[in-house]
Protein chains: 2
Amino acid sequence: MKKAKNRERILVASVELFNTSGVVAVTTNHIADHLAISPGNLYFHFRNKEEIIRELFESMVAETYVAWQPNKETGEYASPLELIERSFETFWNYRFFHREMYHLRRKDPALARKWKSHLNKSVRMLQAHYAYWVKTGTMRKVQDPKEMQMIADLVLITSSSFLQFFESPDKPATRKTLRDGMNHLLRLLLPYHQNPAPELLERLRA
Amino acid sequence: MKKAKNRERILVASVELFNTSGVVAVTTNHIADHLAISPGNLYFHFRNKEEIIRELFESMVAETYVAWQPNKETGEYASPLELIERSFETFWNYRFFHREMYHLRRKDPALARKWKSHLNKSVRMLQAHYAYWVKTGTMRKVQDPKEMQMIADLVLITSSSFLQFFESPDKPATRKTLRDGMNHLLRLLLPYHQNPAPELLERLRA
């Protein structure tokens, strides 16, 4: 029981330290120190930092999919605004991934494979949302599959990269940075709306 | 004379090694080895890797501004398609910056300051282009300054980040990756065109 608890505490402390100090600067010794446990205790649960990172990636992915499920009772999907708000909550909790994924993937091929498979699944789930938005008249139907693919790519690039861009060592990301990122994504999608929801337009004007 | 030549050779070899292997993996010793010169010879020209990187950043910035100048005789600015093609040439030559800027800035506050000032100057030069495009009927006038800022940010995020995203250790960037990135940027700007040029539309359909 105690052991299971420590495992969980190691994961929680790791996310916190990675988010604030960056993955490169944080060692397993820092994590153990932070929790006042021995390095041996940490190694009992995780062989190395990569193993912690991979497990955190799994958690992020699982939380993302839960946020993207359609309503169980009605089968309805979230609106673009709701989808982005839900996704960015998870995004914020695991923001170190979005800042450092390129380096982390370079270092760990196993993580690179997980990332790739997550991307593929994300694209399929976003396609399901989009099909629903076209059916319900929220968005216009894009005829050319090439155009469709490009818009999907732009959404992924923008949402995965804006934090690196607006953040710097002297200006850490805040909830305001996150909200700006969400609005950028909403703005990117605006030209493809059939009937932009009034709350969406208000949000972009605010 | 010989010394000036070595200085230039060190810069050229550094760009090449940074582009192919990533900045973190390349040390000043690797660069000296690659050129078959002594580390002492390299240190005569540059105190450390950071100094080389800062000088390369200066070169990239200078080349970018040359590419963005209006035609000296007619005062005309490039079209969106031309501007993107010119910019991406420089982009490709210094692609390591676009992959690793977040880390490099974190490590070197002097580079972070240079980067910030480059961003500000870039925004001003892009605004001059946009004003010209509105005047000549290429693009529609965006009324809300907030919307304008958001579109500018999206252009910067997309163009600075797509390489990290489409590239991985097992799949290095190619000219094709670059062309895809250019097309993504053109697609992002398409809804803001008043009269999309036929060659632009053809390019996006190809």
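# Two domains and two chains: a guided tour

Guide: Let's start inside chain A, where 18 residues of domain 1 touch 14 residues of domain 2. Contact here means heavy atoms within 4.5 Å.

Visitor: What kind of model is this, and how are its residues numbered and its chains lettered?

Guide: It is a predicted model, in which local features need pLDDT of at least 70, side-chain atom pairs count only at pLDDT 80 or more, and totals for chains, interfaces and linings use all residues. Residues are numbered from 1 along each chain as its sequence is written, chains are lettered from A and ligands numbered from 1 in the order in which they are written, and side-chain values use heavy atoms, without hydrogens and water.

Visitor: Where do the domains of chain A begin and end?

Guide: Domain 1 covers 1–47 and domain 2 covers 49–205; such bounds come from an automatic or database domain assignment. Taken over C-alpha atoms, the centres of these two domains of chain A lie 28 Å apart.

Visitor: What is the area buried between domain 1 and domain 2 of chain A?

Guide: About 1,400 Å², with carbon and sulfur atoms giving 60% of it. Buried area is the accessible area (1.4 Å probe) that two parts lose on being put together, summed over both. On the domain 1 side, A:Phe18, A:Asn19 and A:Val23 supply 41% of what that domain buries against domain 2, more than any other three residues.

Visitor: Why is the pair A:Arg7 and A:Glu55 called a salt bridge?

Guide: The term asks for a side-chain nitrogen of Lys or Arg within 4 Å of a carboxyl oxygen of Asp or Glu. The closest N and O atoms of A:Arg7 and A:Glu55 are 2.8 Å apart, so the pair qualifies. The rule finds 2 salt bridges across this domain interface.

Visitor: Which helices of chain A give domain 1 its side facing domain 2?

Guide: α1 (2–21), α2 (28–35) and α3 (39–45) of chain A each supply at least two residues, and α1(A) gives the most, with 8 residues. By class, that side has 10 nonpolar, 6 polar and 2 charged residues.

Visitor: How many helices and strands does chain A have?

Guide: Chain A has 10 helices and 0 strands. Both are DSSP runs numbered from the N terminus: helices are H or I with at least four residues, strands are E with at least two.

Visitor: Now to the two chains. How many residues does each give to the contact?

Guide: Chain B brings 39 residues and chain A brings 40. The area buried between them is about 3,700 Å², 65% of it from carbon and sulfur atoms. B:Tyr102, B:Phe165 and B:Arg187 supply 19% of the area that chain B buries against chain A, more than any other three residues.

Visitor: What makes B:Arg187 and A:Glu147 a salt bridge?

Guide: Their side chains meet at 3.1 Å, N to O, and therefore satisfy the rule. Across the interface of chain B and chain A, 2 salt bridges are found. The elements that give two or more residues to chain B's side are α1 (2–21), α6 (95–107), α7 (109–135), α8 (145–166), α9 (175–189) and α10 (198–205). α8(B) gives the most, with 15 residues.

Visitor: How do you know what symmetry relates the two copies?

Guide: Two copies of a chain are related by a rotation about an axis and a shift along it. Here chain B can be laid on chain A by a turn of 180° and a shift of 0.0 Å along the axis, with an RMSD of 0.0 Å. The copies are thus related as by a two-fold rotation axis. The same surface serves both: 100% of the contact residues of chain B recur in chain A. The superposition is by least squares on the C-alpha atoms of residues with pLDDT of at least 70 in both.

Definitions and conventions. Ala, Val, Leu, Ile, Met, Phe, Trp, Tyr, Cys and Pro count as nonpolar, Asp, Glu, Lys and Arg as charged, and the others, Gly among them, as polar.
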